[in-house]
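Open the model in your viewer and keep the selection box handy. We will go from stop to stop, with a note on what to pick at each one.

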Amino acid sequence: MFKQWCTLCKSTLFLLFNFAISSLAIVPTTPPLPILPLPAFSQLKWQQREIIMFFHFGVNTFSNSEWGTGKENPAIFNPVGLDANQWVNTAVEAGVSLMILTAKHHDGFCLWPSKYTNHSVKSSPWKNGEGDVVQEFVNAAKARGVDVGIYLSPWDRHDKRYGNDLQYNEYYLAQLQELLNHYGGVREIWFDGAKGTNAPNISYYFSDWFYMVKELQSSINIFSDAGPDVRWVGNEKGFAGSTCWSTVNRTSLSIGNASIENLLNTGDPRGTDWVPPECDVSIRPGWFWHKSESPKNLSQLLEIYYNSVGRNCLLLLNVPPNTTGLISDTDVHRLKEFRSAIDTIFSTNLAEKSIVKASSQRGGKVGGFGPENVLDSDHIWTYWAPRDVDVKDPWIEIRGTSEGLRFNVVRIQEAIGLGQRIKRHEIYVDGKMVANGTTVGYKRLHRLDVGIVHGQVVRIRIRESKALPLISSIGLHLDPFWQPNGQ
């Protein structure tokens, strides 16, 4: 009996020991530590939109000007065919999920019936003074599930309070409260420092404005030269720097300061704040609609896309309504072309069925950080991570089938939820370098100068990184619109 009991004990201990060992074996490998600063949830969602749309509309549309004088008679504003649903449909067909409206431009004319001024739609003949462009804009967007943003120009060339710090800042804050309290959720609010050289001297209480914005709508992103959530890219061409960090020191930034445009364009790898850049550009030469102007051609729009979205930025594309109150047919057609071209290029990942290998992987084959993660549909939270000891020159490669790989665009994306890391990288096809660059961030697109290449093995080498590089997605694409060297 005692022998049987001992044998049973030994068997039980053996099973418990094996269970403990097997339990230890399946404990998942932990993710690497993040590299601060990190994006907020609202900033991540903003980045993933990739393209959003601006609508410059107001008395300038009718006076054929870019910067109104503030002396325009509201009687000129009469968009008899205004249809905000057409604006939204145009945006949706272009793949846009956020639209920003110029509720008030520098001329001070308000597109909503503000109770703090008569210089607004209520003094215009449009709808006998009973109209509200902001409300129609919001209603149309809500019906299609599109988010809205607001631009309220700090510079006001009409209001007599402008030039008096206290009175004007109170007026501006009052209008902010009107817009953010009465029109539902706003996802982005736009501030800039544009001001004429002869404008009265005034101090804007930006800190007060920003605190008020966050109090009224906590999930909103605030855009300005100094953030705090989104920064200007430093030009109106829609081009980011070839090196572009989402990080910057906000203490180095100020609104309306031309001397910081290079910093805005490139960011700072040592930056303590996550303030990603937004590239604003108009589809036409001007920001407001002018009969004499035409939209940019497709090749120009694609060039902007590669140098904005393809350089770790978001593209804010302005599409101005005309005097009728509609997006012009030529602009609608060009936007459809643009969307179709982007889908043609990027809807297929030519690397999708390839074999992926890497110099190493965190936690080994069962760690969950293997190179196969770069070919899944999650471009933020699944990623390839090399081992901690593999910090010098780690690499990941795509191996094609017997037919090889034929492409002219390489896409690389970092797992920015854990910080931006890559400082320098190179791309090789069958051992020959075809592209190189510095930062990657949310998305880096390399449109190859050599044109279409046909190879078997594509290797991406991370030459320099702030910490362990984390690559969330890789794509190989064929751009039929890219024909360098007469291809």
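The tour below visits a sheet, a hairpin, two pockets, a cavity and a loop residue.

Before we start, this is a predicted model, in which local features need pLDDT of at least 70, side-chain atom pairs count only at pLDDT 80 or more, and totals for chains, interfaces and linings use all residues. Residues are numbered from 1 along each chain as its sequence is written, and side-chain values use heavy atoms, with hydrogens and water left out.

**Stop 1: an open sheet**

Select residues 409-414, which make up strand S14. Helices (H or I, at least four residues) and strands (E, at least two) are DSSP runs, numbered from the N terminus. S14 sits in the middle of a three-strand open sheet with the order S17-S14-S20 and antiparallel pairing; two strands pair if DSSP finds at least two bridges between them. Add S17 (444-447) and S20 (471-477), the edge strands, each of which pairs on one side only. Neighbouring strands here are turned by 10 degrees against each other on average, direction ignored. Now bring in helix H9 (residues 298-308), which packs on the sheet and touches S14 and S17, its direction making about 130 degrees with that of S17. Contact means heavy atoms within 4.5 Å, while axes are lines fitted to C-alpha atoms, for helices over the stretch in contact, and angles run from 0 to 180 degrees between N-to-C directions. Back on the sheet, S14 and S20 are joined by six bridges, and Glu 414 faces Ile 471 of S20.

**Stop 2: the second largest pocket**

Stay with S14 and S20, and add H10 (329-346): each of these supplies at least two residues to the lining of the second largest pocket. H10 gives the most, with four. To find the centre, select Phe 346, Ser 347, His 379, Arg 411 and Lys 443, the nearest to it of 25 lining residues. The pocket holds about 360 Å³ of space. A pocket is an open set of points on a 1 Å grid over the protein atoms alone, with protein on both sides within 12 Å along at least five of seven lines; a cavity is a set where a 1.4 Å probe fits but cannot get out, and lining residues have an atom within 4 Å of a point.

**Stop 3: the largest pocket**

Pick Asp 192, Gly 193, Ala 194, Trp 232 and Glu 236, the closest to the centre among 22 lining residues. About 450 Å³ of space lies here.

**Stop 4: the cavity**

The whole structure has one cavity of 30 Å³ or more. Its lining includes Phe 57, His 105, Asp 107 and Phe 288.

**Stop 5: a hairpin**

Next, select 422-429, strand S15: six of its eight residues are buried (under 20% relative accessible area, 1.4 Å probe, protein chains only; exposed is over 50%, partly exposed in between). S15 is therefore largely enclosed by the rest of the structure. With S16 (residues 432-437), S15 forms five antiparallel bridges, one of them placing Ile 427 across from Ala 435. Two residues separate the strands of this hairpin, and Asp 430 in the turn has a positive phi of about 50 degrees. S15 also pairs with S19 (residues 457-465) over seven antiparallel bridges; look for Glu 426 and its partner Arg 461.

**Stop 6: a loop residue**

Where does Thr 323 lie? Select Thr 323 to find the loop between S10 (314-318) and H10. At 29% relative accessibility, Thr 323 is partly exposed. Its contacts beyond four places in sequence include Thr 61, Asn 78 and Trp 289. Trp 289 is 34 residues away in sequence, yet 7.8 Å away from C-alpha to C-alpha.

Methods. Points joined across faces, edges and corners; volume = space filled by probe spheres on them.
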